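Visitor: Could you take me through one part of this model up close? I'd like to look at the place where the two chains meet.

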Amino acid sequence: MKPVSAWGRLSNDLHDVHVLTDRAHVAPVLAAHRPGLAFGNGRSYGDVCLNPHGHLWHTTGLNKFMAFDDATGRLVCEAGVLLRDIQRLFVPRGWMLPVTPGTQLITVGGAIANDVHGKNHHAVGSFGDHVLGVSLARTTGEVLSLDWTQTPALMSATLGGLGLTGVIVTAELQLRRVGSPWLRTETLPYQGLTEFFELADASEHDWEHTVSWIDCLAGQTARGIFMRANPMSAPQAAAMPSLKAVLAAHQQKTQSQPLRMPFVPPLSLVNGLSLKPFNMAYYELQKLKSGFDVAHYEPFSYPLDNLQDWNRMYGPRGFYQYQSVVPREGGQLAVQAMLDAIAASGEGSFLAVLKTFGNREAKGMLSFPEPGVTLALDFPNRGQRTLQLMDRLDAIVREAKGRLYMAKDARMPRDLFEAGYPRLSEFAAHRDAGISSAMSRRLMGV
Amino acid sequence: MQHIVIIGATSAMAEHCARLWVQAAPVRLTLVGRDEARTRRVADDLRVRSPQSDVHVMTSDFVDAAAIQRTVSHIVNQAAVDVVLIAHGVLSGQGTCQDDLLACDAALQVNGVSPVLFAEAFAKPMVATNHGTIAIIGSVAGDRGRKTNYVYGAAKGLVSRYAQGMQHRLAQTNVKVVLIKPGPTDTPMTSDLKAKGQKMASVEVVAQDIVKGIASGKPVVYTPGIWQVIMLVVMHLPRFVFNKLNI
């Protein structure tokens, strides 16, 4: 038995850990140690990856590539491969993952099980839109090959299925062509949500990546930084010889030891004293960067990946992340109401992330992304006060007919989950009876 | 292209070394394992990582001297060898070895005798060409016998002493012998220890040290480096102190 925490560090319960290393032997391990749950690289925040006092099947040892077709960009690999390993291998060869979240330190299996999204959702959808097939080990000992034509229902349940339909052992992914590792970026400060939505709408057509940081403590005068970016083609990048030196410096930096949060401070470093000045300083610093620039995809897309264990800065009690999506109709009012509630509570978040999703439904039965606007916030765990604030945010999300992101949730009530995910009963039929998580017991009863 | 041979290619340390090698430049790789399907899975991974590399797979018995001789002769007849990494091993529980003489015998064979036989078989042709590096993975456990793993430690101690002698023998040639002594490393071999919560070095870091050590031809490589200091202390503890320790 070994203590295991999720990324939010809200709990540290003992788990009976089994390390999966050989894809040929996954099914027997599951059959011998059930009920259990797959655990990837532990980057989901709440209890979706935990099974306290039960079995946990570690998948990061399943990290082999299996086949790649350089003509079509189809990659077959084991599910424990990290997105970073795919990117670092294939970007120099002119291929990239079409969708990644704000960290590349997650496994392929985790990306599928949570149907993760990125800053380019409006352009290319979520991770699952680029998954061609998976092999799924069930705790009965069988291994199933899934794809969208032969087994559409189980495929749709497994994509975004929180690991509850079986253990994803291998996956076939469609990579996309990319001309260079460079992005042409533009940074635009904005004042208020109306301006944010104007920028988001105006950018949707011509910009592949869009995201914004918002100062959630500023209330009615919410101000933020809107960032948009497009990949640069090889000729564009070649026309800027100075980029080579930047790339060399970047590579040297990534090959040296990354910075690490060396210990858990006794108190959260994110607190009433630090938040306001931080948000203000961040806003002013980013404002200085207004205008066009060129960025390497790694620091632009994964700003925190080079600070290992950054989750420790929230102190020994950990933190919650709260990410919601609400439909565009009424979305601005709902987001404003959430920002007001946060400002009034005095429970701050580091600069929150605000982004619009494109007008497309995800393929997974329990996938999070849907047309609308999504707001993501971090809250240091201060017990009852923090939970009460999130209850108020729940009410706003419920009223706006939105939903919360399970990859980040640790506490949403069951009725909000059921209202937000209408395909739940359809999903239930595809579950593997030998799999259970803290979250599935909390939200689905088993 | 450099020709690198890996004995025990499915070992996690060896696999990560191979990943670093193919990432640096295309190489000819000969992967030798006991289980053909598993060795092929490693080869497929390396081929995706480096389509320009030339990856070969072989299987062999690892404890039969005649089989080892045949395997090595076959390899050296195919192409001259630049680097051999002998990486296989099994972490047999000390308790099992004490209870079961057959398990004890198997542990000594596969962790001690087998690597020595492979190294000896490669030495002859490499001395003949006066070129190449023989790297053997030993262990910090071979530095001083401890009650919690002395059967494994004794086998690794055999490897240490053997490598030392071979370094002496080949000192006047261009063939280098590198002995690698990893501390506890996060690999499938140690997954039980990991499940119990023991802290371990990442296999990526250890593989980097091994590849660097082989490139420089260093006679002894402790990895992570801190183990050189730790073992210096452990080896010099007076027995009356050492015997009181529960390690």
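Guide: Here's a walk through the interface, with a brief stop at an annotated domain at the end. Keep in mind that this is a predicted model.

Let's start with the overall contact between chain B and chain A. Chain B puts in 18 residues and chain A puts in 18 residues. Put together, the two chains bury about 1500 Å² between them, and 54% of that lies on carbon and sulfur atoms.

Now for the polar side of things. Three salt bridges are counted between chain B and chain A. If you want one to zoom in on, try B:Glu15 with A:Lys64: their side chains form a salt bridge at 3.2 Å, N to O. Polar contacts also turn up across the interface of chain B and chain A, in seven residue pairs with both partners at pLDDT 80 or more.

So much for the pairs; what does chain B bring to its side? Three helices of chain B each supply at least two residues to the side that touches chain A: H1 (12–24), H2 (36–49) and H7 (191–195). H2(B) gives the most, with seven residues. Sorted by class, that side of chain B has nine charged residues, five nonpolar and four polar.

Over on chain A, there's a record worth having in view. An unreviewed UniProt entry places "domain: FAD-binding PCMH-type" at residues 10–178 of chain A. Across residues 10–178, chain A is 28% strand and 19% helix, and the C-alpha atoms at the two ends sit 39 Å apart.

Notes. Residues are numbered from 1 along each chain as its sequence is written. Chains are lettered from A and ligands numbered from 1 in the order in which they are written. This is a predicted model: local features need pLDDT of at least 70, side-chain atom pairs count only at pLDDT 80 or more; totals for chains, interfaces and linings use all residues. Side-chain values use heavy atoms; hydrogens and water are left out. Contact means heavy atoms within 4.5 Å. Buried area is the accessible area (1.4 Å probe) that two parts lose on being put together, summed over both. A salt bridge is a side-chain nitrogen of Lys or Arg within 4 Å of a carboxyl oxygen of Asp or Glu. A polar contact is a pair of N or O atoms within 3.5 Å; within protein, one must be able to donate a hydrogen and the other to accept it, and residues adjacent in sequence count only if both atoms are side-chain atoms. Helices (H or I, at least four residues) and strands (E, at least two) are DSSP runs, numbered from the N terminus. Ala, Val, Leu, Ile, Met, Phe, Trp, Tyr, Cys and Pro count as nonpolar, Asp, Glu, Lys and Arg as charged, and the others, Gly among them, as polar. UniProt positions are given in the numbering used here, feature names are shortened, and annotations may be inferred rather than shown by experiment.
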